[in-house]
Amino acid sequence: MLGMGAAGEDCPFQFNFDEKSFKAGDMVSYRVTGDLDGFPFVGTLAEVHEEYVVILPDADNETMRYRGTRESRPVVEFSEI
């Protein structure tokens, strides 16, 4: 994502926005419904299924997992958080 930092710096994250090519290990930008609607979050795909994905919001905590929709920017229900 170009120009996201100060003085023209680029965003340090490389996201996969192509839901058709998602694979475990890809970094994605995801959204959360409810009170967190509109805020961007970053996570790593742990699992990719035909209808949904499983996101690791913290790479250092494998037990914390969110189920999200399988679309270019997955959506996680607030109740998952």
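Contact is defined here as heavy atoms within 4.5 Å. The structure is a predicted model, in which local features need pLDDT of at least 70 and side-chain atom pairs count only at pLDDT 80 or more, while totals for chains, interfaces and linings use all residues. Residues are numbered from 1 along each chain as its sequence is written, and side-chain values use heavy atoms, with hydrogens and water left out.

Of the contacts in the protein chain with a separation of 6 or more, 31% are between residues 24 or more positions apart. The chain contains five strands and zero helices (DSSP runs numbered from the N terminus; strands, E, at least two residues; helices, H or I, at least four).

Strand β1 pairs with two strands (pairing requires at least two DSSP bridges). With β2, residues 41–48, the pairing is antiparallel over four bridges, and Met27 stands opposite Thr44 of β2. With β5, residues 75–76, the pairing is parallel over two bridges; Val75 in β5 is the bridge partner of Arg31.

Buried residues (under 20% relative accessible area, 1.4 Å probe, protein chains only) account for 25% of the 81 residues. The largest nonpolar core (buried Ala, Val, Leu, Ile, Met, Phe, Trp, Tyr and Cys residues joined through side-chain atoms within 4.5 Å) has nine members: Phe22, Val28, Tyr30, Val32, Leu45, Val53, Ile55, Tyr66 and Val76. Two or more of these come from each of β1 (27–32) and β3 (52–56), with β1 giving the largest share, three residues. Beyond its neighbours within four places in sequence, Leu45 contacts residues including Phe22, Val28, Val53 and Ile55.

Key: Buried means under 20% relative accessible area, exposed over 50%, partly exposed in between (1.4 Å probe, protein chains only).
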